[in-house]
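These are my notes from an afternoon of looking things up in one structure. I kept them short, and I hope they are easy to follow with the model open beside you.

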Amino acid sequence: MILILLGPPGAGKGTQAKLLAAAFSIPHISTGDMFRDQKARGTELGKKVQAIMDSGGLVTDDITNSMVDERLARADVMSGCILDGYPRTVGQAEHLDRLLAKLGRGVDRVLSYEVSEEALVDRIGGRRSCPACGAVYHLTQNPPSRVGTCDKEGVALVQREDDKPEKVRNRMQEYAAKTAPLKGYYAGRGLVVELDGLGAPEAILAETRRRLGR
Ligand code: ADP
């Protein structure tokens, strides 16, 4: 099963993607995580995308599509995957359609997480993550047991550079202009499942499974 997760920054796609991947035993493919990993490892690609990511802008379609091509060529996606943060533009969606067609496959469902702007601002403002293991916390909604410290790694939590308020506005604008139109793109094919993105992660997962019928 190939699922696309759609929703504005802070809608909880990453959290749901991890839960869905575990529930269906298929890989979680997050282009944001892949780019952050490249940055952290200081690769050529990482250096190329660093400035644009830190500003809250989108990496070019060419760079993103070729990274995804390589990932989807790996054997572990045979049984499906959860696409989190990809596609993010109509150009990427068209590219994905061509790629999947070549593999004799297609997108099964597009999960669209609906969250008010007010909730998004709070979620992003309070989000902190572990630089060592990538675990994500929230100052009030999902705090670590020791303030500012990762439960698993014991290291200090950090705020993502692009979660800083001045960058968030840019990400929201990019989302509205370039990613929001994807909902219409997939709705035309009857693939969109709208979900309330507010609530406990496990409850949202249960509702998602109910709507997917599995
Ligand atoms: P968010 O929390 O906004 O959903 P992600 O972790 O998915 O953020 O992505 C972080 C950043 O990585 C984006 O702001 C963008 O710069 C880059 N990025 C991730 N996925 C894509 C993509 N599909 N196309 C272009 N840029 C991307």
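**Entry 1: Thr 31**

I started with a polar contact: the side chain of Thr 31 reaches the backbone oxygen of Gly 85 at 3.0 Å. I should say at once that this is a predicted model. Thr 31 has its place in helix 2. Is Thr 31 buried or exposed? I found 3% relative accessibility, under the 20% cut-off, so Thr 31 counts as buried.

Next I listed what Thr 31 touches, leaving aside neighbours within four places in sequence. The contacts are Thr 64, Met 67, Val 68, Asp 84, Gly 85, Tyr 86 and Arg 88.

**Entry 2: the peptide bond at Pro 87**

One of those contacts, Tyr 86, made me look at the bond that follows. Tyr 86 and Pro 87 are joined by a cis peptide bond, with omega at about -5°. I noted it because most peptide bonds are trans. Pro 87 sits in the loop between strand 3 and helix 5 (90-102).

**Entry 3: the sheet**

Then I went through the strands. In what order do the five strands of the open sheet lie? I read the order as 2-3-1-4-7, with parallel pairing. Strand 2 (28-30) and strand 7 are the edge strands, each pairing on one side only. Ignoring direction, neighbouring strands here are turned by 25° against each other on average.

I checked the pairings one by one:

- Strand 2 and strand 3 (residues 81-84) run parallel and are joined by three bridges; Ile 29 stands opposite Leu 83 there.
- Strand 1 and strand 3 also run parallel, with four bridges, and Ile 2 stands opposite Cys 81.
- Strand 4 and strand 7 pair in the parallel sense over five bridges, with Ser 112 opposite Glu 194.

For helix 2 (residues 31-41), I found that it packs on the sheet and touches strand 2 and strand 3. The direction of helix 2 makes about 65° with that of strand 2.

**Entry 4: two strands, two patterns**

I reminded myself that in a regular strand the side chains alternate between the two faces of the sheet. What does each face of strand 3 look like? Both are covered: Cys 81 and Leu 83 on one side, and Ile 82 and Asp 84 on the other, are all buried.

Strand 7 reads another way. Val 193 and Leu 195 point to one face and are buried. Val 192, Glu 194 and Asp 196 point to the other face and are not buried.

**Entry 5: helix 9**

Which strands does helix 9 touch as it packs on the sheet? I get strand 1, strand 4 and strand 7, and the helix direction makes about 155° with that of strand 7.

I tried a quick length check. Helix 9 (residues 201-212) has twelve residues, so at 1.5 Å a residue it should span 16 Å. Its end C-alpha atoms are 16 Å apart, which agrees.

The buried residues of helix 9 are Ile 204, Leu 205, Thr 208 and Leu 212. They cover an arc of only 100° around the axis, so they lie on the same side of helix 9. That fits the general rule: an α-helix has 3.6 residues a turn, so residues three or four places apart point the same way. On the other side of helix 9, Glu 202 and Arg 210 are exposed.

The buried residues pack against strand 1 (2-6), helix 1 (13-24), strand 4 (109-114) and strand 7 (192-196). Just after helix 9, Gly 213 takes a positive phi of about 70°.

**Entry 6: Ser 25**

That phi sent me to another positive one. Ser 25 has a phi of about 50° although it is not a glycine, and most residues other than glycine have a negative phi. Ser 25 lies in the loop between helix 1 and strand 2. With a relative accessible area of 61%, Ser 25 is exposed.

**Entry 7: Tyr 185**

My last stop was Tyr 185, in helix 8 (residues 181-187). At 23% relative accessibility, Tyr 185 counts as partly exposed. Which residues does Tyr 185 contact, leaving aside its neighbours within four places in sequence? I found Val 90, Ala 93, Glu 94 and Asp 97. I also noted that Tyr 185 and Gly 91 are 94 residues apart in sequence and 11 Å apart in space, C-alpha to C-alpha.

Notes
Residues are numbered from 1 along each chain as its sequence is written. This is a predicted model: local features need pLDDT of at least 70, side-chain atom pairs count only at pLDDT 80 or more; totals for chains, interfaces and linings use all residues. Side-chain values use heavy atoms; hydrogens and water are left out. Helices (H or I, at least four residues) and strands (E, at least two) are DSSP runs, numbered from the N terminus. The expected span of a helix is 1.5 Å times one less than its number of residues. Buried means under 20% relative accessible area, exposed over 50%, partly exposed in between (1.4 Å probe, protein chains only). The arc is that of the directions from the helix axis to the C-beta atoms. Contact means heavy atoms within 4.5 Å. Two strands pair if DSSP finds at least two bridges between them. Axes are lines fitted to C-alpha atoms, for helices over the stretch in contact, and angles run from 0 to 180 degrees between N-to-C directions. A polar contact is a pair of N or O atoms within 3.5 Å; within protein, one must be able to donate a hydrogen and the other to accept it, and residues adjacent in sequence count only if both atoms are side-chain atoms.
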